[in-house]
Every structure is written in C-alpha cells, then in structure tokens.
Amino acid sequence: MKPDLPQSLFLLNSTVLLTHQIDAAYWHEWNLFHLPGGNQLNLILNLPIIALVLLAFLQVATRSPRQRLCHQFLASLGLLTVAIHSGFFLTGHSEFLQPMSLLLLAATLMLSMAQLKNLPLAGKKHQTQNQQY
C-alpha cells in the first residue's frame, strides 16, 4: 500500500525529529536544560518520547481512528522543539548553529506545519482531506 500525503509527512517529520535527537546528543543538549543527571537523565527522558513517536507511527501506518491525534502529537512535538531552540538562539546559545542543525530545525518547522495543514479527517479510517475513497 502506497503511503498517502499525511503518512509521508509523518514519516519525514519523525525522521527529522529523531535525527535532531542525534544532533542534540552531539551538542550535549542536557547542559542547555541544566538536567541534573546529564546524559543519563537525557537518555531516560528520550525513551518514552521515542516510544510515543513510534507508537504514533504505528497508528498512522495502520490508518487507525486515532491517526489524526497522532499527527497532531508529532506536529506539536516538532513545533515545541523549534520553539525551545528559538529560545536558545534568542538567549545567545551558540549550539545548533551548524548548517545541518539549522536545516533539521527548519525542516521540522515546515513539516510540522504541513502536517497540521494535511490532517486526516477525524474518525475516518481510510480517508484524508486530500484523498477520498
């Protein structure tokens, strides 16, 4: 089965967000958040977030009635990520200023907005705004 536009956007956005988490480890993002447990607590906090993203992807891939909520969750996570990093930039932090770091954040913003614009219709298992059966 070929993925529809919302599914493709979810896959792209989740890939970009998870890649951002790899970049966050490079930049020691836990220091920006002043996490007392450093990288260890950072890893623990990422476990449920990544599990939720993967669980949401399962709902989207199977066109579950909950897929709309899952799209909203991922897009919100993306927008929250961009907002947090915008705050870091505004307060003078120099982390995440390499071209690829900035590209990941810009892609997260664009894909999250596109996801919200192309949400599947509520309660429809096989129907989206752009594709009706």
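Which side chain does Arg 63 meet in a salt bridge? Asp 4 is the partner, at 3.6 Å from N to O. Here are my notes on this and the rest of the structure, which is a predicted model.

1. **Overall layout.** The protein chain has 5 helices and 0 strands, so there is no sheet to look for, and from the N terminus the order of elements is simply α-α-α-α-α. The C-alpha trace spans about 50 × 25 × 20 Å along its principal axes. If you look at contacts between residues at least 6 apart in sequence, 72% of them join residues at least 24 apart.

2. **Surface and interior.** Of the 133 residues in the protein chain, 38% are buried. The accessible surface comes to about 7800 Å², and carbon and sulfur atoms account for 70% of that area.

3. **The salt bridge.** Back to Arg 63 and Asp 4, whose side chains form the salt bridge. Arg 63 sits in the loop between helix 3 and helix 4, while Asp 4 is in the segment before helix 1, so the pair ties together parts that are 59 residues apart in sequence. A search of the whole structure finds 1 salt bridge. Both partners are worth checking for exposure: Arg 63 has 4% relative accessibility and counts as buried, and Asp 4 is buried too, with a relative accessible area of 7%.

4. **Asp 4 again, at the start of helix 1.** Besides its salt bridge with Arg 63, Asp 4 has a side-chain oxygen that reaches to within 2.9 Å of the backbone nitrogen of Gln 7. That contact is at the start of helix 1, and Gln 7 is among the buried residues of the helix.

5. **Helix 1 itself.** This helix covers residues 5–26, which is 22 residues. From first C-alpha to last it reaches 32 Å, close to the 32 Å expected at 1.5 Å a residue. Its buried residues include Leu 9, Phe 10, Val 16 and Leu 17, but also polar or charged ones to look at, among them Asn 13, Ser 14, His 20 and Asp 23. What do the buried residues of helix 1 pack against? They pack against helix 2 (29–32), helix 3, helix 4 and helix 5 (99–117).

6. **The end of helix 1.** Tyr 26 belongs to helix 1 and is exposed, with a relative accessible area of 53%. Its C-alpha is separated by 20 Å from that of Leu 80, which is 54 residues away along the chain. Just after the helix, His 28 takes a positive phi of about 55 degrees.

7. **More positive phi values.** Most residues other than glycine have a negative phi. His 34 is one to inspect, with a positive phi near 55 degrees; it lies in the loop between helix 2 and helix 3. Phe 96 has a positive phi as well, near 65 degrees, and its place is in the loop between helix 4 and helix 5. Are these two buried or exposed? His 34 is exposed, with a relative accessible area of 68%, whereas Phe 96 is buried, at 1%.

8. **Thr 81 in helix 4.** Thr 81 lies in helix 4 and is buried, with a relative accessible area of 12%. Not counting residues up to four places away in sequence, Thr 81 touches Leu 17, His 20 and Leu 105. Leu 17 and His 20 are both on the list of buried residues of helix 1.

9. **Leu 109 in helix 5.** Leu 109 lies in helix 5 and is partly exposed, with a relative accessible area of 37%. Leaving aside its neighbours within four places in sequence, Leu 109 is in contact with Leu 79 and Val 82. Leu 109 and Ser 14 are 95 residues apart in sequence, yet their C-alpha atoms are 12 Å apart in space.

10. **A nonpolar patch on the surface.** Which residues make the nonpolar surface patch of about 350 Å²? Leu 52, Leu 55, Leu 58 and Phe 73 do. Helix 3 (residues 38–61) gives the largest share, 3 residues. Phe 73 is found in helix 4 (residues 67–90) and counts as partly exposed, at 30% relative accessibility.

Definitions and conventions: Residues numbered from 1 in each chain as written. Predicted model: local features only at pLDDT ≥ 70, side-chain atom pairs only at ≥ 80, totals over all residues. Heavy atoms only, no water. Patch = residues over 30% accessible without salt bridge, like charges linked within 9 Å, V, L, I, M, F, W, Y side chains within 5 Å. Areas by Shrake-Rupley, 256 points an atom, 1.4 Å probe, with all protein chains shown as cover. Salt bridge = Lys/Arg side-chain N within 4 Å of Asp/Glu carboxyl O. Helix = DSSP H or I, 4+ residues; strand = E, 2+ residues; numbered from the N terminus. Buried < 20%, exposed > 50% of the residue type's maximum accessible area, 1.4 Å probe, protein only. Expected span 1.5 Å × (residues − 1). Contact = heavy atoms within 4.5 Å. Polar contact = N/O pair within 3.5 Å; in protein donor to acceptor, adjacent residues only side chain to side chain.
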